[in-house]
Amino acid sequence: MGLLDDKVVLVNGGSQGVGAAIARAAVREGASVAVTGRRPEPGEALVAELSAAGGRTMYIQADLSDADQAKASVAEVVDAYGRIDCLVNSAGLTSRGTLLDTTPELFDAHIAVNLKGPFFAMQAAVADMVARKAPGTIVNIITSSAHGGQPFLAPYVAAKAGLVGLTRNAAHAHRWDRIRINGLNIGWTATEGEDATQRAFHDAGDDWQEQAAARLPMGKLGRPDEIADFVVLLLSDRSGVVTGSVIDWDQNVLGGLD
């Protein structure tokens, strides 16, 4: 018996990276899974892979920076499967900006993807759960940078710190509905998106992961499949009554000093 048997799971930003790993893990644990993404090629390829392995899956093309599309992604899942049991907000924008050079347009883009999208996806998912008087679970993929982050992540930190507060607020508001909402502050993780970011903004070469790993306590970057296993546990009944928790999934300890 899988941890998510007979569950319907929507993974927003699920066509690559951490989101795709979560989709794979959820299918492995028995869930019907929908993934969203802006580009159809990786999303459709992932769904084909999961379907070939016996999973019940679907791809929804959506830009989560648009509140209407965020809500519509949930509506499409409900139309296809009759309900939504679990939501993962994994879409993220990590483009760089400091306090001094961030434009209003860049700031708005971060708020739209990293905060507004999750807000309205949660709104739609919780509305379905409340209407059915059914329990549900939500996991927001956040970032350890929400504690402060590097100077070049100012708009990213502002948006993700807002998602931390939203996670706790929504969890408190809907605990009596038996809807559990938690967040994961993930650290530096080896993904396709991170590779593109390092090359675009930091002139990284082909060996950047090896160099980065050598500077980290565990000698490696976080892996999407490891994060995915943790998310599946939080989505499942095996995580018990836990709600409103924002967990630091990282190898650096907040407040620890050398």
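With 0% relative accessibility, leucine 163 counts as buried (buried is under 20% relative accessible area, exposed over 50%, and partly exposed in between, with a 1.4 Å probe and protein chains only). The model here is a predicted one, in which local features need pLDDT of at least 70 and side-chain atom pairs count only at pLDDT 80 or more, while totals for chains, interfaces and linings use all residues. Residues are numbered from 1 along each chain as its sequence is written, and side-chain values use heavy atoms, with hydrogens and water left out.

Leucine 163 makes a handy way in. This residue sits in helix 5, where helices (H or I, at least four residues) and strands (E, at least two) are DSSP runs numbered from the N terminus. Leaving aside residues up to four places away in sequence, leucine 163 touches Asn114, Leu115, Pro118, Asn140, Ile141 and Ile142; contact means heavy atoms within 4.5 Å. The C-alpha atoms of leucine 163 and alanine 109 are separated by 15 Å, and the two residues are 54 apart along the chain.

Next comes the sheet. It is an open one of 7 strands, in the order 3-2-1-4-5-6-7 and with parallel pairing; two strands pair if DSSP finds at least two bridges between them. Strand 3 (57-61) and strand 7 (246-249) are at the edges with a single partner strand each, so one side of each has no neighbour in the sheet. From one strand to the next, the twist averages 15° (axes are lines fitted to C-alpha atoms, for helices over the stretch in contact, and angles run from 0 to 180 degrees between N-to-C directions). Helix 3 (residues 67-81) packs on this sheet and touches strand 1 (8-12), strand 2 (32-37) and strand 3, with its direction at about 150° to that of strand 3. Helix 4 (residues 104-132) packs on the sheet too, touching strand 1, strand 4, strand 5 and strand 6 (179-186), and its direction makes about 175° with that of strand 4.

A look at some of the strand pairs fills in the picture. Strand 1 pairs with strand 2 in the parallel sense over 4 bridges, and valine 9 stands opposite valine 33 in strand 2. Strand 1 also pairs with strand 4 in the parallel sense, again over 4 bridges, and here valine 9 stands opposite cysteine 86. Strand 4 (residues 86-89) is in turn joined by 4 bridges to strand 5 (residues 136-141), the two running parallel, with leucine 87 opposite isoleucine 138.

In a regular strand the side chains alternate between the two faces of the sheet. In strand 2, Ser32, Ala34 and Thr36 point one way and Val33, Val35 and Gly37 the other, and all are buried. Strand 2 is thus mostly covered, with 6 of its 6 residues buried. Strand 4 has Cys86 and Val88 pointing one way and Leu87 and Asn89 the other way, and all of these are buried.

What about empty space? On a 1 Å grid over the protein atoms alone, a cavity is a set of points where a 1.4 Å probe fits but cannot get out, and a pocket is an open set with protein on both sides within 12 Å along at least five of seven lines; lining residues have an atom within 4 Å of a point. The count comes to 1 cavity of 30 Å³ or more. The largest cavity has a volume of about 30 Å³, a volume being the space filled by probe spheres set on the grid points, which are joined across faces, edges and corners. Its lining is made up of Asn12, Leu64, Asn89, Ala91, Val113, Gly117 and Pro118, and helix 4 gives the most to this lining, with 3 residues. These lining residues divide into 4 nonpolar, 3 polar and no charged (Ala, Val, Leu, Ile, Met, Phe, Trp, Tyr, Cys and Pro count as nonpolar, Asp, Glu, Lys and Arg as charged, and the others, Gly among them, as polar).

The second largest pocket holds about 240 Å³ of space. It is lined by 15 residues, and the closest to its centre are Pro135, Gly136, Thr137, Arg178 and Arg180. The lining divides into 5 nonpolar, 4 polar and 6 charged residues, and strand 5 and strand 6 each supply at least two of them.

Arginine 178 has a phi near 65°, a positive value in a residue other than glycine, and is found in the loop between helix 5 (154-173) and strand 6. Lysine 133 has a positive phi too, of about 55°, although it is not a glycine. Lysine 133 lies in the loop between helix 4 and strand 5 and, at 69% relative accessibility, counts as exposed.
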